[in-house]
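Trainee: I would like to go through this model piece by piece. Can we start with the helices and then turn to single residues?

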Amino acid sequence: MFDNLSIWKWHMDFVGQKHAEYLFRTIITTCGFVGFILGYIKEQFSITIGLTLIGFFVSALLTIPPWPFYARNPLKWQKVKKVKKIENNLTYDEYKEDKKKEKKKIK
């Protein structure tokens, strides 16, 4: 049933999250401001609420789904470093220092 869903990307990158947040705030603020002005002119508070809710639903439709244009800058992860058995519960840096000391002793 869900085999076709694997072709979609289900994530946003950090730049996409920033754009989605900016778009969300812009739409909500604009609709709220326009709704307030029109509601004030017409003397109907329901116009203000209606336009604000319309702005909310439009912005939710544009920002909540992970649209492909929000995933244009993927992260490049570093490769995992393979470490042999770490002895005596040392941290990785301590382990490396001990190995350097052992090499100096051998020389």
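Trainee: What are the end C-alpha atoms of helix H2 apart, and what should its 19 residues span?
Mentor: This is a predicted model. Helix H2 covers residues 45-63. At 1.5 Å a residue, its 19 residues should span 27 Å. The distance between its end C-alpha atoms agrees: 27 Å.

Trainee: Which residues of H2 are buried, and within what arc do they fall?
Mentor: Buried here means under 20% relative accessible area. In H2 that picks out Thr48, Gly55, Ser59, Ala60 and Thr63. Seen down the axis of H2, these buried residues line one face, because they fall within an arc of 130 degrees.

Trainee: Which residues are exposed on the other side of H2?
Mentor: Exposed means over 50% relative accessible area. On the other side of H2, two residues are exposed: Phe57 and Leu61.

Trainee: What do the buried residues of H2 pack against?
Mentor: The packing can be read from both partners. The buried residues of H1 pack against H2. In turn, the buried residues of H2 pack against helix H1 (14-42).

Trainee: Which residues of H1 are buried?
Mentor: Take the length first. H1 has 29 residues and reaches 42 Å from its first C-alpha to its last, close to the 42 Å expected. Its buried residues are Gly16, Ala20, Ile27, Cys31, Gly35 and Gly39.

Trainee: Which residue follows H1, and what is the sign of its phi?
Mentor: Look at the start of H1 as well. There, a side-chain oxygen of Asp13 reaches to within 3.3 Å of the backbone nitrogen of Val15. After H1 comes Glu43, with a phi near 60 degrees, that is, positive.

Trainee: Is Ser59 buried or exposed, and which residues does Ser59 touch?
Mentor: Ser59 sits in helix H2. Its relative accessibility is 0%, so Ser59 counts as buried. Not counting residues up to four places away in sequence, it touches Phe24, Ile27, Ile28 and Ile64.

Trainee: What does the side chain of Thr63 reach, and at what distance?
Mentor: Thr63 also lies in helix H2. At 9% relative accessibility it counts as buried. Leaving aside neighbours within four places in sequence, Thr63 is in contact with Met12, Ala20, Leu23, Phe24 and Tyr70. Its side chain reaches the backbone oxygen of Ser59, at 2.6 Å.

Trainee: How many Å apart in space are Gly50 and Gly35, C-alpha to C-alpha?
Mentor: Gly50 belongs to helix H2. With a relative accessible area of 27%, Gly50 is partly exposed, whereas Gly35 is one of the buried residues of H1. In sequence the two glycines are 15 residues apart; in space, C-alpha to C-alpha, they are apart by 7.6 Å.

Trainee: How many aromatic pairs does a search of the whole structure find, and why does the pair of Phe36 and Tyr40 count as stacked or not stacked?
Mentor: The search finds 3 aromatic pairs. The ring centres of Phe36 and Tyr40 are 6.3 Å apart. Planes under 30 degrees apart count as stacked. Theirs stand at 25 degrees, so the pair is stacked.

Trainee: Where do Phe36 and Tyr40 lie, and is Tyr40 buried or exposed?
Mentor: Both lie in helix H1, 4 residues apart, about one turn of the helix. An α-helix has 3.6 residues a turn, so residues three or four places apart point the same way. The relative accessible area of Tyr40 is 64%, which makes it exposed.

Trainee: Are the rings of Phe69 and Tyr70 stacked or tilted, and is Tyr70 buried or exposed?
Mentor: The ring centres of Phe69 and Tyr70 are 4.5 Å apart and the planes stand at 50 degrees, so this pair is tilted. Phe69 is partly exposed, at a relative accessible area of 42%. For Tyr70 the relative accessible area is 2%: buried.

Trainee: How many helices and strands does the protein chain have, and what percentage of its 107 residues is buried?
Mentor: The chain has 3 helices and 0 strands, and from the N terminus on its elements run α-α-α. Its accessible surface comes to about 10100 Å², with 64% belonging to carbon and sulfur atoms. Of its 107 residues, the buried share is 14%.

Trainee: Among contacts between residues at least 6 apart in sequence, what percentage joins residues at least 24 apart?
Mentor: One such long link has been named already: Thr63 is in contact with Met12. For the protein chain, the share of those contacts joining residues at least 24 apart is 59%.

Key. Residues numbered from 1 in each chain as written. Predicted model: local features only at pLDDT ≥ 70, side-chain atom pairs only at ≥ 80, totals over all residues. Heavy atoms only, no water. Expected span 1.5 Å × (residues − 1). Buried < 20%, exposed > 50% of the residue type's maximum accessible area, 1.4 Å probe, protein only. Arc of directions from axis to C-beta. Contact = heavy atoms within 4.5 Å. Areas by Shrake-Rupley, 256 points an atom, 1.4 Å probe, with all protein chains shown as cover. Phe/Tyr/Trp six-rings, centres within 6.5 Å; stacked < 30°, edge-to-face > 60°. Polar contact = N/O pair within 3.5 Å; in protein donor to acceptor, adjacent residues only side chain to side chain.
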